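Q: Please choose one part of this structure and look at it closely, in connected prose. I would like each term's cut-offs where the term comes up.

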Amino acid sequence: MDATTRLARQGTRIAYANAGFNVALTVAKGLVGAMAHSDALIADAVHSASDLVGSLAVIIGLRIARKPPDEDHPYGHGKAELIASIVVAGLLIAAAIDVSVSSISSFFKPPKVPEMAAAEMAFAAIVVKELLFRYNVRIGRRLQSKSLMAQAYDHRSDVYSSLAALIGILLAIIGERLGMRWLMYMDTAAGLLVACLVLKMAVHIAQDSLQSLMDRVVLEEDALHPYREQVLQVPGVRAIDELRVRDHGQYVIVDIEIAVDGDITVFAGHDIAATVRRVLREKFARVQDVFVHVNPYEAGDERVRKDQEL
């Protein structure tokens, strides 16, 4: 089993774990919210339910992205994972709208003060989701996985929404004990705040995934320099005329134009190109494929030479 396959399977296992935690939290928040009369916690349960569907979308996306390139998809299936990230964002937006409508309507009804059990559930959810966020970020960065990073920030949005729910619940309880009617609406206000936080996070996830889905190339020179450095160390490469690194989620596709001496044979130029391709795939775990175009190089060209690059 190669390194890429191992990392992909690790990502799938984490996605299954995320789904399991989301099932547990959805059920727990929903039951406690209903029994403890907390609009904020019920709204938080709706958010967790959308997380569950999102986790399933990520599992499917990772499974498809792991498939090797074929005749119909010569660049691989990595964009399936990006589509899964957009599905997660869409579900979050839908949940945010639903919670907003429910919270706004509650302001026109007599306030319902939640019980302390709702606050305890919200606190437990904060702890669990923060731990999941940290773990998913660490693994998502290691795997360069867009969908796992989307899930990580989805967990972080849960932390914020549960924190807002906790504050709203506590303020409502305090309002009842102090006889302050306006404070008793804080549980409902927290539900509306949860919706705003969820919506903001969803838009961020959607924007990032859509950029990669539209074949965004890596432009940052700090990210491109390691590729240039490795290619210019290949014997026979005199210069790099063009370098593009296309983001496909877990992996990247490299398009590169190299310059070699113009008087060498076609066979020699092909061997240099093959070496460039092999080196990039060996040195960079995210590189799935490399397309090399060979140009002639002549003394006096104004192109950047190897010695100038290094």
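**The sheet and the core around it**

A: Of the 310 residues in the chain, 47% are buried (under 20% relative accessible area with a 1.4 Å probe, protein chains only; exposed is over 50%, partly exposed in between). The model is predicted, so local features need pLDDT of at least 70 and side-chain atom pairs pLDDT 80 or more, while totals for chains, interfaces and linings use all residues. Residues are numbered from 1 along each chain as its sequence is written, and side-chain values use heavy atoms, without hydrogens or water.

The chain holds nine helices and three strands (DSSP runs of H or I, at least four residues, or of E, at least two, numbered from the N terminus). Read from the N terminus, their order is α-α-α-α-α-α-α-β-β-α-β-α. Among the contacts (heavy atoms within 4.5 Å) with a separation of 6 or more, 73% join residues that are 24 or more positions apart.

The part chosen here is the sheet, an open one of three strands in the order β1-β2-β3 with mixed pairing (two strands pair if DSSP finds at least two bridges between them). Its edge strands are β1 and β3, each of which pairs on one side only. From one strand to the next, the twist averages 15 degrees (axes are fitted to C-alpha atoms, for helices over the stretch in contact, with angles from 0 to 180 degrees between N-to-C directions). β2 and β3 run parallel and are joined by ten bridges. In β3, Y297 is the residue that stands opposite D261. A helix also meets this sheet: α8 lies across β2 and β3, and runs at about 150 degrees to β3.

The largest nonpolar core (buried Ala, Val, Leu, Ile, Met, Phe, Trp, Tyr and Cys residues joined through side-chain atoms within 4.5 Å) has 21 residues, and Y227, V254 and I256 touch the most other members. The elements that contribute two or more residues to this core are α7 (221–232), β1 (239–247), β2 (252–261), α8 (266–283) and β3 (287–297). Of these, β2 gives the largest share, with five residues. The surroundings of V254 show how such a residue is placed: leaving out residues up to four places away in sequence, V254 touches Y227, L243, R244, V245, L280, V287, D289, V290 and F291. Apart from this core lies another, of 16 residues, which include L25, L41, V113 and I126.

From here the view can move to a helical portion of the chain. Q144 sits in the loop between α4 (116–143) and α5 (146–178), and its relative accessibility of 35% is why Q144 counts as partly exposed. Although Q144 and Y251 are 107 residues apart in sequence, their C-alpha atoms are 7.4 Å apart in space. Within helix α4 itself is K129, and because its relative accessibility is 0%, K129 counts as buried.

An unreviewed UniProt entry annotates residues 82–104, 116–137 and 158–176 as "transmembrane region" (positions follow the numbering used here, feature names are shortened, and annotations may be inferred rather than shown by experiment). In the model, residues 116–137 are 100% helix and 0% strand, and the end C-alpha atoms of the span lie 32 Å apart. Residues 158–176 are likewise 100% helix and 0% strand, with 27 Å between the end C-alpha atoms.
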